[in-house]
Amino acid sequence: MERIDTDILDMLRATLEHAWAPYSGFRVAAVAVAADGRRFAGCNVETAHYKSVCAEASALSAMVAGGRTRLSEIYILADGEAPCPPCGDCRQRIREFSDAGTRIILVDGDGRAAACHSLDELLPASFGPELLTRR
């Protein structure tokens, strides 16, 4: 397992501290790296009506708000030692801004890349914007 870039790991850990998870107690942080190298952090935010925002969605929203729409890689860190893969909704969100080279890196509690996936591995035969032109 490879070590994560120190700056990205610091962003993940700092953002994890700000996650709002009073109901599940399961905090998650993500850092989206745009194609130009800019980094955007996000964390999960739970609400009393149980419609939460995932860390990946939060990071992608920050990326788009920052004027970027191409994702190079996304790092995900959760509480505990085990790596946390993105949920199905977030896999589709990641798909929107990805290409064949986009990497999804799951970070373990020791700050190492426990797994690295392509989008095709996590979301095979996915639906994307190019399919909307088939009308």
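This report walks through the cores, the cysteines and a surface patch of a predicted model.

## The largest nonpolar core

A good place to start is the inside. The largest nonpolar core has 21 residues, and those that touch the most other members are Ala32, Leu60, Met63, Leu71, Ile74, Ile94 and Ile104. Several elements supply at least two residues each to this core: strand 1 (28-34), helix 2, strand 3 (71-78), strand 4 (103-107) and helix 4 (119-122).

Ala32 is worth a look of its own. Beyond its neighbours within four places in sequence, Ala32 is in contact with Leu60, Met63, Leu71 and Ile74, and also with Arg38, Arg39, Phe40, Ala59 and Glu73.

## A second core

Apart from the largest core lies another one, made of 13 residues. Among them are Ile4, Ile8, Ala29 and Leu77.

## Two cysteines without a bond

How many disulfides does the whole structure hold? A search finds zero. For Cys54, the nearest cysteine sulfur is that of Cys90, 3.7 Å away. Likewise, Cys90 has the sulfur of Cys54 as its nearest, at 3.7 Å. Because a disulfide calls for sulfur atoms within 2.5 Å, neither Cys54 nor Cys90 is in one.

Are these cysteines buried or exposed? Cys54 counts as partly exposed, because its relative accessibility is 26%. Cys90 has 0% relative accessibility, so Cys90 counts as buried.

## A nonpolar patch on the surface

On the surface, Trp20, Tyr23, Val45, Tyr50 and Val53 form a nonpolar patch. Together they have about 560 Å² of accessible area.

One of these residues, Val45, sits in the loop between strand 2 (39-43) and helix 2 (55-65). Its relative accessibility is 34%, so Val45 counts as partly exposed.

How values were computed
Residues numbered from 1 in each chain as written. Predicted model: local features only at pLDDT ≥ 70, side-chain atom pairs only at ≥ 80, totals over all residues. Heavy atoms only, no water. Buried < 20%, exposed > 50% of the residue type's maximum accessible area, 1.4 Å probe, protein only. Patch = residues over 30% accessible without salt bridge, like charges linked within 9 Å, V, L, I, M, F, W, Y side chains within 5 Å. Areas by Shrake-Rupley, 256 points an atom, 1.4 Å probe, with all protein chains shown as cover. Salt bridge = Lys/Arg side-chain N within 4 Å of Asp/Glu carboxyl O. Helix = DSSP H or I, 4+ residues; strand = E, 2+ residues; numbered from the N terminus. Core = buried A, V, L, I, M, F, W, Y, C linked by side-chain atoms within 4.5 Å. Contact = heavy atoms within 4.5 Å.
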